[in-house]
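Here are some short exercises to help you find your way around a protein model. Try each task yourself before you read the solution.

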Amino acid sequence: MEYKKDDLITLVIGDMGIDGEGIGKIDGFTFFVKDAVIGDEIEAKVLKVKKGYAYARMTNLITPSMERTEPKCRYHKQCGGCQIQALKYERQMLFKTEKVKNNMQRIGGFSRALLDKIMEPIVGMNTFGQTPYYYRNKAQFPIGADKYGEIITGFYAGRTHVIIPNTDCALGIAENKIILEAVIKYMKENKITPYNEKTGKGLVRHVLVRKGFATGEIMTCVIVNGDRLPHQEKLIEALAEIEGMTSVFLNSNRAKTNVILGDDCRLIWGKNTITDIIGGIRFMISPLSFYQVNPVQTERLYGLALEYAGLTGNEVVCDLYCGIGTISLFMSKKAKRVYGVEIVEQAIEDARKNAVRNQIDNAEFYAGKAEEVLPRLYEEKGLKADVICVDPPRKGCDEECLATMIKMAPERIVYVSCDSATLARDLKYLCANGYRLERIRPVDMFPHTVHVEVACCLQRKDS
Ligand SMILES: C[S@@+](CC[C@H](N)C(=O)[O-])C[C@H]1O[C@@H](n2cnc3c(N)ncnc32)[C@H](O)[C@@H]1O
């Protein structure tokens with residue numbers, strides 16, 4: 001049968017795509033339906049027909065799937081953040097495990113039989129009874145205006161820059177709402193304009209909030225299209241009253257860009273960093289430094305990386321893409337020496353201070369691109385490593401970095417990744433060049449979203 005826009009169809013959702021969308025078939029013709037859950041019987045309206053498949057919008061949920069659950073957030077369908085909040089948490093774990101296996105097979109070329117044998121069960125957030133909500137220690141809220149000119153804040157609707165007003169995200173901390181209300185009140189009382197992305201005019205663009213879960217310390221960073229905030233003392237006064245607030249920053253970003261933070265970040269009240277504690281190590285965190293967003297799961301992830309590294313106390317470890325030195329310092333306690341490499345200078349400054357603060361003297365940190373610093377350390381300084389750990393951003397490792405790792409021939413490579421597609425690509429390269437994938441385990445760092453973290457252990461074949 002030929003389908004066309006606006007046709008009404010009835011179908012059963014038999015699968016889910018990588019972005020959490022429901023997938024159903026009618027006589028071999030595939031439909032992708034946002035917000036439909038595996039097992040749903042639905043009525044849908046066809047939106048767009050392509051060759052062999054179509055997109056449709058659910059118009060009626062005829063028989064809800066047994067895998068459905070009541071989402072906590074009433075905006076979950078509009079907001080781009082939680083794509084699978086309507087799916088039972090246990091089923092989310094299965095979805096993520098399958099996503100990783102599929103990428104390993106399709107992109108990495110690993111056999112299903114091998115993956116079934118070596119892949120360990122996903123580490124869910126409910127493993128020790130924690131609730132998979134309110135886990136995020138960081139959130140960035142866009143500030144804008146609604147059609148009546150009222151200042152609003154919330155989240156971008158999926159794949160757009162339309163702000164859905166909501167200060168009460170079910171993944172974030174309770175203080176977010178209090179902070180955002182204080183910022184908006186201050187803006188209204190002092191006639192401060194919200195930024196308009198289309199015109200590039202207006203002052204306040206975003207509010208970033210970060211909390212150290214172990215210490216309760218909170219940092220607020222107001223991002224402005226300018227370099228000052230009129231009557232900033234009034235905002236400081238309001239924010240300083242909020243329990244846990246220890247730092248207020250002003251970040252200047254005048255660029256017409258989607259990038260939230262500019263390079264210029266000025267402390268306007270309180271301390272330069274907030275502190276969090278993971279695995280007994282105290283970490284100081286600056287506004288521009290990367291820090292994992294789910295501290296409960298981070299401890300498990302780092303524990304897994306440490307286990308995969310198989311350290312006995314005699315090893316030299318390289319921790320590439322090290323951020324503020326989290327994995328490096330975790331490993332330093334069981335290693336002879338650790339070398340951390342990271343592109344953000346501020347993060348490296350934090351890493352060095354974190355080492356001193358924790359009385360760790362066997363860790364050294366280098367600022368620069370891993371693909372440039374590692375070849376220098378190897379070729380000019382003759383650095384040898386027994387274990388190399390990498391934890392790159394979504395795009396994965398640069399090929400120059402992978403090639404140098406191969407030349408250095410460590411006994412083990414520990415790969416931590418937040419994107420199983422680029423992970424699979426890089427593992428294929430490493431396994432074609434002398435390494436064997438020994439262990440692999442997904443960790444759910446981002447419940448209710450389609451994202452999943454993965455830790456892997458590779459062993460040198462000739463060792
Ligand atoms: C996923 S984070 C991991 C950070 C750290 N391992 C942690 O768990 O907190 C990736 C880090 O890689 C850094 N980065 C991005 N590109 C890089 C590059 N080419 N060389 C070195 N570091 C880079 C980012 O700034 C970020 O801190």
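**Exercise 1: a residue in a loop**

In which loop is the place of Q359? Work that out, then decide how open the spot is.

Solution. Keep in mind that you're looking at a predicted model. Step one: find helix 7 (345-357) and strand 17 (363-367); Q359 sits in the loop between them. Step two: check the backbone. Q359 isn't a glycine, yet its phi is positive, about 55°. Step three: check the accessibility. Q359 has a relative accessible area of 71%, and exposed means over 50%, so Q359 counts as exposed.

**Exercise 2: another positive phi**

Find where D6 is placed and say whether it is buried, exposed or partly exposed.

Solution. Step one: go to the segment before strand 1 (8-16), which is where D6 is found. Step two: look at its phi, which is near 80°, a positive value in a residue other than glycine. Step three: compare its relative accessibility, 44%, with the cut-offs. Buried is under 20% and exposed is over 50%, so D6 lands in between and is partly exposed.

**Exercise 3: two loop residues to classify**

Say for N137 and T273 whether each is buried or exposed, and list what they touch.

Solution. Start with N137, in the loop between helix 2 (112-118) and strand 6 (138-145). Its relative accessible area is 2%, so N137 is buried. Next, its company: beyond its neighbours within four places in sequence, N137 is in contact with residues including V209, R210, F213, Y291 and Q292. One polar pair deserves a look: a polar atom in the side chain of N137 lies 3.0 Å from the backbone oxygen of Q292.

Now T273, in the loop between strand 12 (264-270) and strand 13 (274-278). With a relative accessible area of 12%, T273 is buried. Not counting residues up to four places away in sequence, T273 touches E217, M219, S247, M284, I285, S286 and D350.

**Exercise 4: domains and cores**

Split the chain into domains, then trace its largest nonpolar core.

Solution. Step one: mark domain 1 (8-63), domain 2 (69-133 + 294-463) and domain 3 (138-278). The centres of domain 1 and domain 3, taken over C-alpha atoms, are 38 Å apart. Step two: pick out the largest nonpolar core, which has 131 residues, with L320 and L427 making the most contacts inside it. Domain 2 and domain 3 each give at least three residues to this core. Apart from it there is another core of 15 residues, with I9, I42, A54 and A56 among them. A handy background idea: in soluble globular proteins, nonpolar side chains tend to be buried together.

Step three: zoom in on L320. Setting aside neighbours within four places in sequence, its contacts include V341, A370, L374, I388 and D391.

**Exercise 5: the ligand**

Which residues come nearest to the ligand, and what polar pairs do A370, E371 and D391 make with it?

Solution. Step one: there are 18 residues around the ligand, and Q292, Y302, E342, A370 and D391 come nearest. Step two: go through the pairs, each with a nitrogen atom of the ligand.

- A370: a polar backbone atom, at 2.8 Å.
- E371: an N or O atom in the side chain, at 3.1 Å.
- D391: a polar side-chain atom, at 2.9 Å.

Step three: see how covered the ligand is. Taken alone it exposes 600 Å², and the protein buries 91% of that. Helix 6 (326-332) and helix 8 (370-379) are the elements that give two or more residues to the shell around it.

Note on methods
Residues numbered from 1 in each chain as written. Predicted model: local features only at pLDDT ≥ 70, side-chain atom pairs only at ≥ 80, totals over all residues. Heavy atoms only, no water. Domains from an automatic or database assignment. Core = buried A, V, L, I, M, F, W, Y, C linked by side-chain atoms within 4.5 Å. Buried < 20%, exposed > 50% of the residue type's maximum accessible area, 1.4 Å probe, protein only. Contact = heavy atoms within 4.5 Å. Near = heavy atom within 4 Å. Polar contact = N/O pair within 3.5 Å; in protein donor to acceptor, adjacent residues only side chain to side chain. Areas by Shrake-Rupley, 256 points an atom, 1.4 Å probe, with all protein chains shown as cover. Helix = DSSP H or I, 4+ residues; strand = E, 2+ residues; numbered from the N terminus.
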